[in-house]
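Let's take a walk through this protein together. Have a look at the sequence and the fold, and then we'll go from one residue to the bigger picture.

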Amino acid sequence: MIPPRGARPLTAASAPLAPAAAEDGAPIRCPDGGAILLIGCAGGASATVPVYLAETAPRSIRGTLVGIDQLMIVTGQFLAFAINAAIARITGGPEATITSVEPGTTVRIDGVEQAVEVGKSYSWDVLKGVQDAIAVDGGTGSTWRYMLVICSIPAVALWLGMRMMPESSRWHASQARYIQAIAELKRVRKPDDDIAGEIDEMIMLNRREAGTEHWSLSRCFQIRWTRKLLVIGVLVGVFNQTTGVNTMMYYAPKILQSAGFGTESAITLTVLTGIASVLGSSLGLWLLLRFSRRGVLLGGTIGLTVMLWVMTAVFLFDINPHRDDAGNIVDTMPTMIPYLVVTVIIFYMLFMQGGNAPGTWVIMSELFPARMRGAAMGFAVLCLWVVNAIITFLFPIMMDKLGPVITYLAFSLINVIAVIYMYRNVPETKHSSLEELEEEFQRRYA
């Protein structure tokens with residue numbers, strides 16, 4: 001069982017450290033200090049929060065509450081996109097100052113061909129086509145620092161808010177602190193809820209586990225039925241990342257630039273993906289109440305897979321034929337094509353946040369028995385974030401070396417495999433308590 005109030009305050013407290021760590025360094029060195037600490041805390045929180053919510057919430061709203069957690073996450077992402085877009089508008093987008101240039105180098109500005117001059121600043125969109133012939137200095141200055149400072153404000157609010165949160169009643173019960181467990185349940189239950197019955201379930205489970213310590217990860221792998229659950233949980237988390245969602249979230253401007261938008265416009269249009277994420281998460285809450293966890297997960301994954309195939313087709317048939325030898329978009333491309341890419345991204349995010357994301361985190365939070373929940377959930381989330389890091393690192397390389405068509409074709413094929421696996425292996429967790437699920441899984445997989 002994960003003690004619920006460790007990783008979350010650390011996550012909130014670490015956020016203000018990232019801007020401070022970056023204060024005296026160049027942007028490329030910023031992640032070396034505070035950002036690495038922030039990433040570690042975020043990983044811990046992503047493992048802790050769904051478990052904490054699942055252990056604390058009543059059975060009737062357990063999935064909804066975990067879904068609300070996802071809604072709040074994407075709402076924060078939307079606000080971040082909006083603030084970044086506003087900053088980009090204020091600063092005018094990324095620029096660079098020319099320090100040296102090969103003679104005869106020209107760029108096109110507002111349809112007019114002009115010679116590149118040393119000491120003059122140009123938009124990076126203008127300079128992309130001649131970057132091999134120039135050397136630059138300067139750039140966007142402190143814009144990225146403002147973004148980090150602003151993100152520390154809600155982090156402080158989170159840290160303060162966590163001081164008022166109750167401990168997990170199931171964690172108290174696992175330590176035989178039943179008086180504290182009852183007290184915490186009363187804080188988060190209605191007067192007519194069956195608190196006594198819920199405590200009885202916890203006591204009966206603890207009696208069955210008397211004398212048995214919480215299992216380590218190696219113990220989870222040694223037993224057939226827990227190994228099966230661990231593999232399912234890990235793959236559900238991994239497939240959540242191989243959807244390519246972090247490429248859409250982190251690199252939306254790069255995708256839109258590849259489709260023909262300028263840098264400033266691409267940053268601004270990412271606000272639309274943030275809105276789609278918020279709407280999708282709101283839809284996901286309703287779907288989790290109306291349909292099965294497994295159905296929501298599968299439906300969302302199928303939908304986003306279709307969008308990945310559509311994205312592949314758009315780049316193959318509508319964008320690539322309008323590129324020159326240097327890879328730049330030429331004037332022959334219809335103006336509607338870049339907006340078609342925006343539309344595909346929006347629908348992708350609706351399917352992702354309305355189906356795959358809430359389904360993934362709710363199922364992962366409910367899948368593991370109490371004795372292995374801490375180790376198993378921690379390992380599953382670790383695998384999720386490792387894959388996240390790998391894809392985040394590889395995606396820009398794939399876009400540059402393989403091109404958008406091969407890149408999105410690869411994600412499309414992986415997601416077909418994900419749909420097949422989840423259809424065959426992921427169990428339903430909606431209609432049972434965590435204790436009942438443990439007994440059912442032991443019977444099914446032993």
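Which residues does T242 touch, not counting residues up to four places away in sequence? The model is a predicted one, and in it T242 touches V387, I391, F411, I414 and N415. T242 itself lies in helix α11, which covers residues 224-242. With a relative accessible area of 10%, T242 falls under the 20% cut-off and so counts as buried.

Now step back to the whole chain. The secondary structure comes to 19 helices and five strands. Of the 446 residues, 48% count as buried. Take the contacts between residues at least 6 apart in sequence: 76% of these join residues at least 24 apart. As for the outside, the accessible surface comes to about 20700 Å², and carbon and sulfur atoms account for 64% of that.

A word on confidence before going further. The mean pLDDT of the protein is 76, with 73% of the residues at 70 or more. Among the elements, helix α18 (residues 403-425) has the highest mean pLDDT, 93, while helix α1 (residues 7-14) has the lowest, 39. Over residues 1-32 the pLDDT is below 50, though this stretch still has 78 contacts in the model beyond near neighbours in sequence. Where pLDDT is low, predicted coordinates should not be read in detail.

On to the interior. The largest nonpolar core has 62 residues, and the members that touch the most other members are M248, I255, M311, Y348 and Y408. Helix α16 (residues 336-367) gives the most to this core, with 13 residues. There is also a second, separate core of seven residues, including A181, L185, M202 and I203. Back in the largest core, Y408 is a good one to click on: leaving out residues up to four places away in sequence, Y408 touches T247, M248, I255, L308, M311, T312, F315, F395 and M399.

Two more residues show how the chain comes back to itself. T48 sits in helix α3, residues 34-56. Its relative accessible area is 5%, so T48 is buried. T48 and M377 are 329 residues apart in sequence, yet their C-alpha atoms are 8.2 Å apart in space. The other residue is V426, found in the loop between α18 and α19. Is this loop residue buried or exposed? V426 is buried, because its relative accessible area is just 3%, under the 20% cut-off. Setting aside residues up to four places away in sequence, V426 touches I232, V236, R294, L297, I363 and Y421. The C-alpha atoms of V426 and R293 are separated by 9.7 Å, although the two are 133 residues apart along the chain.

Past that loop comes helix α19, residues 434-445, where a bit of arithmetic works out well. At 1.5 Å a residue, its twelve residues should span 16 Å, and the end C-alpha atoms are indeed 16 Å apart, so the two agree. Which residues of α19 are buried? They are L434, E435, L437, E438, F441 and Y445. These residues cover an arc of only 160° around the axis, which means that they lie on the same side of α19. The spacing fits a general rule: an α-helix has 3.6 residues a turn, so residues three or four places apart point the same way.

Definitions and conventions
Residues are numbered from 1 along each chain as its sequence is written. This is a predicted model: local features need pLDDT of at least 70, side-chain atom pairs count only at pLDDT 80 or more; totals for chains, interfaces and linings use all residues. Side-chain values use heavy atoms; hydrogens and water are left out. Helices (H or I, at least four residues) and strands (E, at least two) are DSSP runs, numbered from the N terminus. Buried means under 20% relative accessible area, exposed over 50%, partly exposed in between (1.4 Å probe, protein chains only). Contact means heavy atoms within 4.5 Å. The expected span of a helix is 1.5 Å times one less than its number of residues. The arc is that of the directions from the helix axis to the C-beta atoms. pLDDT is the predictor's confidence in each residue, from 0 to 100. Accessible areas come from the Shrake-Rupley method with a 1.4 Å probe; for residues, only the protein chains shown count as cover. A nonpolar core is a set of buried Ala, Val, Leu, Ile, Met, Phe, Trp, Tyr and Cys residues joined through side-chain atoms within 4.5 Å.
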